[in-house]
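Biologist: I would like to take a close look at a single part of this protein, and I would welcome a careful, connected account of it.

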Amino acid sequence: MADSKQSGKPDSMTVSKQSDGLVNMAENKQGHRTITMTTAAGTTVERVVDGSGRLLFTKEMKKEFLLLSPLMLPVHMSMIRNSFLSEGYNMEVLHTSHRAVVDEGLRHVHNDTCYPALLVIGQLIEAVKSGKYDPDKIALLITQTGGGCRASNYIHLLRKALKRAGYEHIPVVSLNLSGMEKNPGFSLNISFIRKLIYALLYGDLLMLLANQVRPYEKEPGAADRLVDKWVEALNQLYMSGKTTPYRTVKKHFSQIVKDFAEIPDSGEKKLRVGVVGEIYVKYAPLGNNNLEEFLRSEDVEVDVPGVLDFMIFKIDNRVQDAGLYGAKWIKKAAVALFKGVFVKCQKDLISAIKTSPRFRAPAPFAETRELVKGYVGYGNKMGEGWLLTAEMLELVHNGSAGVVCTQPFGCLPNHVSGKGMMGLIKKNHPEANIVAIDYDPGASRTNQENRIKLMLATARARQEEKPDMTHQ
Ligand code: SF4
């Protein structure tokens with residue numbers, strides 16, 4: 001580590017003894033110390049820790065280290081990665097899905113921890129041990145929601161797992177919007193946040209449109225090719241280093257909708273099936289045993305709500321907290337402003353989708369939020385909280401022939417707002433055809449798929465009675 005400012009090495013050295021067995025140390029003005037650690041391979045590396053002993057991701061690491069990230073959102077992640085690259089980070093998204101991922105999770109995460117934590121940590125540890133990367137030159141990236149759920153605590157479980165696996169010297173970087181776990185080499189500036197938000201918007205739009213076009217395309221693969229084409233074009237734009245003004249993003253929205261609308265439609269009628277649930281198992285093929293692919297093989301249109309609602313939901317929770325427990329005016333103003341930005345983006349995205357009569361646009365967040373009145377309170381905000389109930393209701397209201405509610409093992413919050421709400425939803429909407437599917441390391445894929453097939457059989461029987469119950 002050449003430069004003391006970049007590496008976080010002390011400007012003025014105060015050497016002190018450390019009680020945790022790690023080797024030498026010195027403290028700088030920020031209370032950061034440089035320590036020497038011995039790796040499992042017997043080599044020694046220098047690392048910087050903060051006052052609490054947390055390993056830091058330094059400015060020097062930003063240039064030299066590769067950030068490894070788990071995969072959650074297949075369409076969005078490529079653009080999220082390019083947001084990182086354009087900000088000077090090296091980053092790779094892990095696409096591994098073989099059994100060793102689950103086995104590493106089982107080995108290193110306590111077995112009463114929720115399944116998404118087990119998979120995310122298993123995927124990262126498996127990558128570290130794979131031999132594909134230099135363990136002395138990688139850092140792991142993980143999101144923290146900042147809420148009360150375990151998603152905020154994965155990071156601590158990951159560090160514990162790294163320690164147990166002999167890789168304690170690998171820094172872990174938290175991606176969050178709550179100001180948690182600061183690192184000298186990682187920061188979310190305005191331009192970076194903007195790029196990440198754009199990645200979510202583009203990702204949602206491409207996902208929503210591709211799902212509505214794919215089952216009816218005359219030329220197989222046309223929708224997927226268009227997704228790839230747009231992802232490639234947007235990635236190039238990201239990498240050009242130019243800041244994209246929002247008016248250009250809106251133009252892209254219109255062009256994307258136009259491009260998808262031009263894909264020839266076979267005019268077939270198919271059942272539409274929604275997918276909701278805990279955010280990781282809802283989107284990640286690793287978490288849900290390739291649920292979307294399975295549903296497509298059953299010749300139905302898959303309807304997966306975008307991630308934008310989840311983002312607004314998380315910010316809305318902060319607004320609720322400020323109202324319920326009080327907060328400084330500046331904090332209230334900041335969260336209200338931030339929510340306003342996302343709501344405006346969602347409005348523009350919906351308006352763009354509505355320019356084509358071929359597509360069904362999602363409901364604005366405020367409307368989705370209204371749906372849960374009489375079901376759960378807005379204080380129910382752990383995990384997906386009330387949003388999960390709202391998403392099931394939205395799908396029922398917009399005529400989905402069936403809904404798969406993905407429920408990971410060990411996830412109490414989403415069992416309450418998912419499975420726990422189904423009885424009431426079915427009572428109020430007898431036409432609702434919802435099936436809860438549990439995901440855990442030992443769950444049989446065949447059983448999961450058989451249960452979904454039963455739900456589809458019900459949907460098809462109803463379709464025969466009411467033939468207009470299709471995607472149109
Ligand atoms: S919402 Fe459920 S699955 Fe997700 S982190 Fe929380 S407990 Fe785990």
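How many bridges join strand S7 to S8, and in which direction do the two strands run?

Modeller: In this predicted model, strand S7, which covers residues 272–277, is joined to S8 by 3 bridges, and the two strands run parallel. One residue pair can be picked out to locate this pairing: Val273 has Val302 in S8 as its bridge partner. The pairing belongs to an open sheet of 4 strands, whose order is S8-S7-S9-S10 and whose pairing is parallel. Strand S8 (301–303) and strand S10 (434–439) stand at the edges of this sheet, and each has a single partner strand, so one side of each is left without a neighbour in the sheet. On average, and with direction ignored, neighbouring strands here are turned by 25 degrees against each other. As a general point, strands of a sheet pair through backbone hydrogen bonds, either parallel or antiparallel.

As for how far the model can be trusted, the mean pLDDT of the protein is 90, and 93% of its residues reach 70 or more. Residues 1–23 call for caution, as the pLDDT over this stretch is below 50, although the model gives the stretch 39 contacts beyond near neighbours in sequence. Where pLDDT is low, the predicted coordinates should not be read in detail, and I would therefore leave the particulars of those contacts aside.

How values were computed:
Residues numbered from 1 in each chain as written. Predicted model: local features only at pLDDT ≥ 70, side-chain atom pairs only at ≥ 80, totals over all residues. pLDDT = per-residue confidence, 0-100. Contact = placed C-beta atoms within 7 Å. Pairing = 2+ DSSP bridges. Axes fitted to C-alpha atoms, helices over the stretch in contact; angles between N-to-C directions.
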